Every structure is written in C-alpha cells, then in structure tokens.
Amino acid sequence: MINQRGTAVWNGDIKGSGEITTQSGTVQVPYSVGARFEGQKGTNPEELIGAAHASCYTMYLVSLLTREGYSPTQVRTESKVTLDPGNMSPKVVKIAVTTSGQVPNLSAEDFQRYAEDAKQNCPISQLLSAVPEMTLEAKLK
C-alpha cells in the first residue's frame with residue numbers, strides 16, 4: 001500500500017484563510033473562501049481535485065498506451081470541476097475531462113477507446129464516480 005498525505009490548516013472564522021501543503025512539500029499554497037467563491041488569489045479544493053484528476057488520468061492513459069506498444073510524444077489533460085454553490089450545501093455536480101495526445105501510429109478511434117478506459121479506471125476517476133456527471137472529449141493532435 002502507498003499512503004500519501006495532504007494537510008490543511010485554517011486560521012480564524014469563515015472569513016479567515018488557510019494553507020494547504022502536501023507530504024512532499026512541493027505544494028504549499030493559501031486557500032480561502034474568497035479564492036473558492038469570489039475569484040481571489042489562492043487555490044481551492046475544486047482546483048486541487050481538478051489537478052489531481054488530470055494528473056492521474058494522464059498517467060493512467062499513458063500507461064495504457066505504453067503497455068500496448070505505443071510511444072506517446074505528449075498527452076495533455078484538463079479536468080474542469082464544476083461546483084454548484086447552492087444555498088447552504090455546495091456540491092460538485094460535474095467534471096469535464098478534455099484530453100489530447102500526440103501518439104504516433106495510433107488511430108483517433110483507438111485513442112478514444114483508451115481515453116474512455118482511463119476515464120473509467122484511473123484511481124481518481126473511480127474516486128470521483130459519485131459526481132453526477134463526468135464527460136470526456138478526447139482527440140489526437
């Protein structure tokens with residue numbers, strides 16, 4: 001088993017702010033209600049989920065392609081996480097995955113098939129399966 005850790009510290013009431021750090025120390029960023037809901041500088045949980053999902057999805061897709069004998073030049077993925085702020089209970093309602101790849105000797109149809117496999121089976125996609133809607137747009141460059 002592999003265990004990874006993220007930590008969040010919050011100072012003050014809801015108008016306060018906090019800091020998110022990762023076990024490796026490579027991420028150490030501020031977060032706040034203003035960054036989450038008002039476009040202020042800093043990060044927020046949905047942005048971090050999007051980054052985690054995009055990175056996991058991309059690694060999984062590249063591993064599938066490599067395992068099948070392809071040598072991807074580049075794969076780029078965006079995971080857009082949509083938060084409905086609601087009244088008192090915000091909810092993540094959608095995740096839109098957009099991926100593109102440069103993969104010599106691979107057809108667009110096969111790229112789509114591998115992209116769908118990654119959408120279903122990367123660990124973070126599986127974790128996010130409770131989100132009501134997850135879409136995928138995949139294309140070869």
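Me: In what order do the elements of the protein run from the N terminus on?

Reply: They run β-β-β-α-α-β-β-α-α-β. The model is predicted. The protein has four helices and six strands. Its C-alpha atoms fill a box of roughly 55 × 35 × 30 Å, taken along the principal axes.

Me: How do you know that strand 1 and strand 2 pair?

Reply: Count the bridges. Pairing needs at least two bridges. Strand 1 and strand 2 (residues 17-22) have six, in the antiparallel sense. The cut-off is met, so strand 1 and strand 2 count as paired. Asn11 stands opposite Ser17 of strand 2. A hairpin links strand 1 to strand 2, with five residues between the strands, and Gly12 there takes a positive phi near 90°.

Me: What makes strand 2 and strand 3 a pair?

Reply: The test is again at least two bridges. Strand 2 and strand 3 have five and pair in the antiparallel sense. They therefore pass. Thr21 has Gln28 of strand 3 as its bridge partner. Ser17 is matched with Ser32 of strand 3. Strand 2 and strand 3 also form a hairpin with five residues between them. Gly25 in that turn has a positive phi of about 85°.

Me: Why is one side of strand 1 and of strand 3 left without a neighbour in the sheet?

Reply: The sheet is open, has three strands in the order 1-2-3 and pairs antiparallel. Strand 1 and strand 3 stand at its edges with a single partner strand each, so one side of each has no neighbour in the sheet. The twist averages 25° from one strand to the next.

Me: Why is the pair of Trp10 and Tyr31 called edge-to-face?

Reply: Two aromatic pairs are counted in all. In the pair of Trp10 and Tyr31, the ring centres are 5.1 Å apart and the planes make 70°. The limit for a pair is 6.5 Å, and planes over 60 degrees apart count as edge-to-face. Both values fit, so the pair of Trp10 and Tyr31 is edge-to-face. Trp10 belongs to strand 1 (residues 6-11) and Tyr31 to strand 3 (residues 28-32), so the pair ties together parts 21 residues apart in sequence.

Me: What makes the pairing in the sheet with the order 4-5-6 mixed?

Reply: This open sheet of three strands holds both senses of pairing. Strand 4 and strand 5 run antiparallel, joined by 11 bridges. Arg76 has Ser100 of strand 5 as its bridge partner. A hairpin with six residues between the strands connects strand 4 and strand 5, and Gly86 in its turn has a positive phi of about 55°. Strand 5 (residues 91-102) and strand 6 pair in the parallel sense over seven bridges. Ala96 is matched with Thr135 of strand 6, and Gly101 stands opposite Leu140 of strand 6.

Me: Which strands are the edge strands in the order 4-5-6?

Reply: In the sheet with the order 4-5-6, strand 4 (74-84) and strand 6 (134-140) are the edge strands, since each pairs on one side only. Neighbouring strands of this sheet are turned by 10° against each other on average, direction ignored. Helix 2 packs on this sheet and touches strand 4, strand 5 and strand 6. The direction of helix 2 makes about 145° with that of strand 4.

Me: Which strands does helix 3 lie across?

Reply: Helix 3 lies across strand 5 and strand 6. It runs at about 150° to strand 6.

Me: Why are helix 2 and helix 3 called oblique?

Reply: Helix 2 (residues 45-67) and helix 3 (residues 108-121) pack at about 130°, with axes 9 Å apart. Roughly perpendicular ends at 115 degrees, and roughly antiparallel means over 145. The angle falls between these limits, so helix 2 and helix 3 are oblique to each other. Their crossing is right-handed. Helix 2 contributes Tyr57, Tyr60, Leu61, Leu64 and Leu65 to the contact. Helix 3 contributes Phe111, Tyr114, Ala115, Asp117, Ala118, Lys119 and Asn121. By class, this contact has nine nonpolar, one polar and two charged residues. Asp and Lys count as charged, so Asp117 and Lys119 are the two charged residues.

Notes. Residues numbered from 1 in each chain as written. Predicted model: local features only at pLDDT ≥ 70, side-chain atom pairs only at ≥ 80, totals over all residues. Heavy atoms only, no water. Axes fitted to C-alpha atoms, helices over the stretch in contact; angles between N-to-C directions. Parallel < 35°, antiparallel > 145°, perpendicular 65-115°, else oblique. Left-handed = near helix turned anticlockwise from the far one by under 90°. Contact = heavy atoms within 4.5 Å. Phe/Tyr/Trp six-rings, centres within 6.5 Å; stacked < 30°, edge-to-face > 60°.
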